[in-house]
Amino acid sequence: MKTIFEYLDYRLYLKDFYLEKKKTSKFSFREFSRMAGFTSPVFIKLVIEGKSNLSASSSGKLSKAQGLVKTEGSFFENLVKFDQAKNIDEKMKYLHRLKKSTSSIKSFVLTDEHFEYFSQWYHAVVKELLTTMEFNGDYGKLAETIHPPIKVSEVEQSIRLLERLGLVEADEKGRLRVTRQFVSAAGISMQALAVKNVQRKMAHLAADAIDSVPAQQRDISGVSIGISPEGFKKVQEELARCRQRLLEIAAEDKQSDRVYRVNLHLFPLSAPIPKELKKIDRDLTD
C-alpha cells in the first residue's frame, strides 16, 4: 500500500487501508470502528462513501487506529481538514500545511508546480492571453495588458510555470502557444481549485468594474427570479448553452484584440419556502 503522503484524498486512503487489511485477515468495518472507538459499526463506511464527515476528534481517533504517528498522523488530520474545507481560503490554508509538513518527503504527490498554478489567479489569465495575442518576449507589455496589472516578474514566472506544466510551448518560430487545458495530480483536478480561485477573483473584479470601467465597455446586469428545483435545472441548461454560444462567437471572431470575462452567476437569495407558506397556483384551483 502507498504511504499516506501519496494521497490527496483521505477517504481514498481509508478505503485502501481497509482493503489492505482485509487481504490478510477477516477485517471488517465493525472491527475498524471498534479500533477507532466509534459506537456505530458503519460510520467509517459512510465516511469512505462521502456520506459522513470526520470531526477533529474522530480524525485523531482514526489516525491512531491506522497506526499513524507524528508526521503521518498530522498529515492525515490536515488531509481531512483540506478535504472538508468549506471555502477556497480554508483549502489553501490546509494545503500550505500539507506542503510544509512534507517539504523533505519525495513521495508527496503535489508538486511545487501544481501548487503554484492554482495558488495565483493570474496564471489562468496569462494562459488565456497567450491564445489571443502574439507574445514576442515582452513581459512588460503582457503585464500591462492584464487588468488589474500584475508585476513583470510575475508574468515571467507565470509563463515559466506554464511551460514546466506543459500548458504552453514554443512552436518552430519560437512563439508560445497553449497546448492543453488541465492540470491534475493523484486523481484530483487541480483545475477545480484553480477555477474556484479565479472565479472568486473575477467576481470581485466584476464588482470593481462597475466603477472602474466605462459603461460603454461593460455589460453588467442581473435578474432575481423565483423558481423550483426543476426550473433551476432548466436555467443551468440555458446558461450552459449560453456559454457554448459565447465560445463559438469568440472562435469565429478573427479580429480579437482584448480578453473579456463573462460571469454567469446563479445562486440562492433565500432559503426554500416552506410548503405551508407557498402561494397556491390559481390555475390549479379553478
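## Phe38 and Phe43

Phe38 counts as buried, at a relative accessibility of 14%. Phe43 is also a buried residue, with 18% relative accessibility. The structure described here is a predicted model.

The rings of Phe38 and Phe43 form an aromatic pair of the edge-to-face kind. Their centres are 5.0 Å apart, and the angle between the planes is 70 degrees. The edge-to-face label applies because planes over 60 degrees apart are classed that way.

## The chain as a whole

The protein chain contains 13 helices and 4 strands. It has 286 residues, of which 31% count as buried. The area that the protein chain exposes is about 19000 Å², and 52% of that area comes from carbon and sulfur atoms.

Among contacts in the protein chain with a separation of 6 or more, 53% are between residues 24 or more positions apart.

## Aromatic rings of H1 and H2

The structure has 11 aromatic pairs. One of them joins Tyr18 and Phe29, and this pair is stacked, with 3.9 Å from centre to centre and 10 degrees between the planes. Tyr18 belongs to helix H1 and Phe29 to helix H2, so the pair links distant parts of the chain, 11 residues apart. The pair counts as stacked because its planes are under 30 degrees apart.

Both partners are covered: Tyr18 is buried at 11% relative accessibility, and Phe29 is buried at 18%. Tyr18 and Phe29 also belong to a cluster linked by ring pairs, together with Phe17, Phe27 and Phe32.

## Lysines over rings

Phe27, a member of that cluster, has a charge over its ring. The charged end of Lys21 sits there, 5.5 Å from the ring centre.

A second arrangement of this kind involves Lys91 and Phe82. Here the charged end of Lys91 sits over the ring of Phe82, at 4.6 Å from its centre.

## Arg11 in helix H1

Helix H1 covers residues 10-24 and includes Arg11. Is Arg11 buried or exposed? Arg11 is buried, because its relative accessible area is 13% and the cut-off for burial is under 20%.

Its side chain makes a polar contact with the side chain of Asp83, at 3.4 Å. Leaving aside residues up to four places away in sequence, Arg11 touches Val47, Ile48, Gly50, Ser52, Asn53, Asp83 and Gln84. Asp83 is thus listed among the residues that Arg11 touches and is also its polar partner.

## Helix H4 and its cover

Helix H4 runs over residues 56-65. Its buried residues are Ser58, Ser59, Gly60, Leu62, Ser63 and Ala65.

Which helices are included in what covers the buried residues of H4? They include H1, helix H2 (29-36), helix H3 (43-48) and helix H5 (70-84). After H4 comes Gly67, which has a positive phi near 75 degrees.

## Pro229 and Pro272

Pro229 is part of helix H12, which spans residues 229-252. Pro229 counts as exposed because its relative accessibility is 58%, and the cut-off for exposed is over 50%.

In sequence, 43 residues separate Pro229 from Pro272. In space, the C-alpha to C-alpha distance between Pro229 and Pro272 is 10.0 Å.

Terms used:
Residues are numbered from 1 along each chain as its sequence is written. This is a predicted model: local features need pLDDT of at least 70, side-chain atom pairs count only at pLDDT 80 or more; totals for chains, interfaces and linings use all residues. Side-chain values use heavy atoms; hydrogens and water are left out. Helices (H or I, at least four residues) and strands (E, at least two) are DSSP runs, numbered from the N terminus. Buried means under 20% relative accessible area, exposed over 50%, partly exposed in between (1.4 Å probe, protein chains only). Contact means heavy atoms within 4.5 Å. Accessible areas come from the Shrake-Rupley method with a 1.4 Å probe; for residues, only the protein chains shown count as cover. A polar contact is a pair of N or O atoms within 3.5 Å; within protein, one must be able to donate a hydrogen and the other to accept it, and residues adjacent in sequence count only if both atoms are side-chain atoms. Rings of Phe, Tyr and Trp (its six-membered ring) pair if their centres lie within 6.5 Å; planes under 30 degrees apart count as stacked, over 60 as edge-to-face and the rest as tilted. A charge sits over a ring if NZ of Lys or CZ of Arg is within 6 Å of the ring centre and within 35 degrees of the ring normal.
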